[in-house]
Amino acid sequence: MRLIGDKLSSVRGGRVLFAELSFAVAAGEALVVTGPNGSGKTSLLRTIGGLLPPAAGEVRIEDTAGDAPVREQCHYFGHRNAVKSALTVLENAAFWAGYLGGGRDRAERALDAFGLSGLRDIPAGYLSAGQQRRLGLTRLLLGERPVWLLDEPTASLDDAAQAALMTAVNGHLQRGGIAVAATHVPLSLQNTRTLSLQRASASAA
Amino acid sequence: MPMQTLTQRLANPTRFMALSAQLLPWLWGAAAAIIAIGLYMGFASPPDYQQGHSAKIMYVHVPAAWLSMAVYALVAASSFGFLVFRHPLADVSAKAAAPIGALFTLLCLVTGSLWGKPMWGAYWAWDPRLTSVLILFFLYLGLIALRTSIEDESLAANLTAILAIVGIVLLPVIRYSVNWNSIHQPPSVSRLGAPTVHPDLLWPLLTMAVGMTVLFAAMHMKAMRNEILRRRVKALRLAEVQLAGGYARQPAE
Amino acid sequence: MMAFRQLLARDLALAWKEGGAVGITLGFFLVVVTMLPLSLGPDLNLLSRIAAGVLWVALLLAALLSLGRLFEGDLEDGTLDVLAMGPLSLEGVVAAKGFAHWLSTGLPLTVMAPLLGLLLNLPGEGYLILIATMLAGTPAVSFLGAVGAALTLRARRGGLLLALLMLPLFVPTLVFGIASVNAVTIEAGSALPPFLILVAISLAAIVLAPLAAAAALRFQVR
């Protein structure tokens, strides 16, 4: 399996974020996207995930079983956690597990992996920012998807939670998955390649 | 196929600017001349045997009513063209046409209610046709309000286009329901029947319809030029900020 | 289908837990219906003649209150991004959420309407047809409203804008809903023709509105 970005361009609000960007990530590899604010890291991840159509170029996944569209093969974990504060921790996890095709036992294991088992019956609104972030991260383990798109995943996580995240991502890579992470801080991932985005200076009129 | 080449030439914004600059004075002139002739013919035409001279407001009211619907169809067609072919000029056309269409719709409502006063004894009698036009006016207001309420201009363009298409799908149903409503309510006022148009009245009416359509074409072209210029100014400003090393954000307008 | 059921169940749970949204909607319905006799005076003949119209208009206004929130929470907390990436298509997402809105708003309003009919002196033969038209018409309100909610999601003053956009689009539902009741209570005629048109409008809305709303949501998540 390979994730291919083929001559991708992105334009937002009349501004070219990146142009003719190409990359290929093989199974078991992580692509770390770096660059200053406004260089288009988030837009790149949203483009890969199919949320933002590219101005030019295409994203595809090669040598994979099934013919699901790229967006259905990606987990997107962005700045917002997709957590409902009125639902309990377990209800949140169980909803995404059911929605993404996993079972309840999967929700329990994911909560375990991110150290949230003790809080399972607490409404998520009571959780701290870091705990809510961890609850959001459990979604990565709730449905089987080969490509993980992580946008600043370590933001507001403490050391223990970061370690749990790295364990989860490295496990995913060892199982032959792919991860694309946009980050400012070094991540302790195996088998990484780096894609550095510059701030484009041209303007699209 | 000269028609197609004209469309293709118009579809390029730079060509559009050049061509429209040449066309506009002629359009303004033609509109003024045809409307002047139409008004003269209207005043010279014999008064209606039932309504007297008050029926002459028809020469403004009927073309305005026809334009209110035709312009909405143009907005919907432009919106469709924008959503399907992603041509920026189609969005410029839809955006420019909506306020002008609203203006003609308002003109139709005002003249209709002025005409209604001697006819029905009331400025507003919930005549089904005028009521449909009133709802059309609300649809125009919705289009304008939706576009101005969304900061991100490309998002606003796409959403307004969807609304225009939803509107044109629902308009026949709305029209039908308003008719139904008036037929099945106990009528308290005698309604205006389909105006039986005498040939003496038909020619001035047609002339006015052509004149006001040309007037709309001129206004629409002018508004499209303004919108294209506004977009160019915006792009230049963005470029200037970026050249200065700044981090240009989408400005709120 | 699994994903559809999960989303439906979650939206119903949220409607129940997120603090009395249903209660506020019903309260608003009651208040609007109460204001009319207070402003018109207790003329029972007049009230029974306009009862169906008042109930339908009040129902639409009450439903508009909650429609504004249909996608807002999911956009704010990032849920909409995830929903847009499958496995359920966005059309399916809209259908699930529209159905949940109908169950949590349209249905309670329909149940409450006959009680308010008593306040307006609705003639006895009108209750059955009132309930039937509201059952048949409220899906159109939820699904057409979903289009408006998807369009106004990131607009300033979204709630006011939603009312401006939606009220003209609700005209056919309103007219045929009221006409069905009036056919029985005032004209002593057959309610079947307007009622069938109302059903047709609802069915068309259930099929077509998710297409338009999903198209709008695709632009909203960009």
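The following questions and answers concern a predicted model, chiefly the interface of chain C and chain A.

Trainee: How many residues of chain A are in contact with chain C?
Mentor: Contact here means heavy atoms within 4.5 Å. On that basis chain C contributes 27 residues, and the number in chain A is 26.

Trainee: Which residues of chain C lose the most area to chain A?
Mentor: About 2,400 Å² is buried between the two chains, with 61% given by carbon and sulfur atoms. On the side of chain C, three residues together make up 30% of what is buried. They are V82(C), M85(C) and R222(C).

Trainee: What is the distance between the closest N and O atoms of D81(C) and R46(A)?
Mentor: The rule finds 5 salt bridges across the interface of chain C and chain A. One of them pairs D81(C) with R46(A). A salt bridge requires the nitrogen and oxygen to be within 4 Å, and in this pair the closest N and O atoms are apart by 2.9 Å.

Trainee: Which helix gives the largest share of the side of chain C that touches chain A?
Mentor: Helices α1 (2-17), α4 (72-76) and α5 (79-83) of chain C each supply at least two residues of that side. The largest share is 8 residues, and it comes from α1(C).

Trainee: Is T25(C) buried or exposed?
Mentor: T25(C) lies in helix α2 (residues 21-40) of chain C. Beyond its sequence neighbours up to four places away, T25(C) touches A62(C), S66(C), T105(C) and L109(C). Its relative accessibility is 5%, and the cut-off is under 20%, so T25(C) counts as buried.

How values were computed:
Residues are numbered from 1 along each chain as its sequence is written. Chains are lettered from A and ligands numbered from 1 in the order in which they are written. This is a predicted model: local features need pLDDT of at least 70, side-chain atom pairs count only at pLDDT 80 or more; totals for chains, interfaces and linings use all residues. Side-chain values use heavy atoms; hydrogens and water are left out. Buried area is the accessible area (1.4 Å probe) that two parts lose on being put together, summed over both. A salt bridge is a side-chain nitrogen of Lys or Arg within 4 Å of a carboxyl oxygen of Asp or Glu. Helices (H or I, at least four residues) and strands (E, at least two) are DSSP runs, numbered from the N terminus. Buried means under 20% relative accessible area, exposed over 50%, partly exposed in between (1.4 Å probe, protein chains only).
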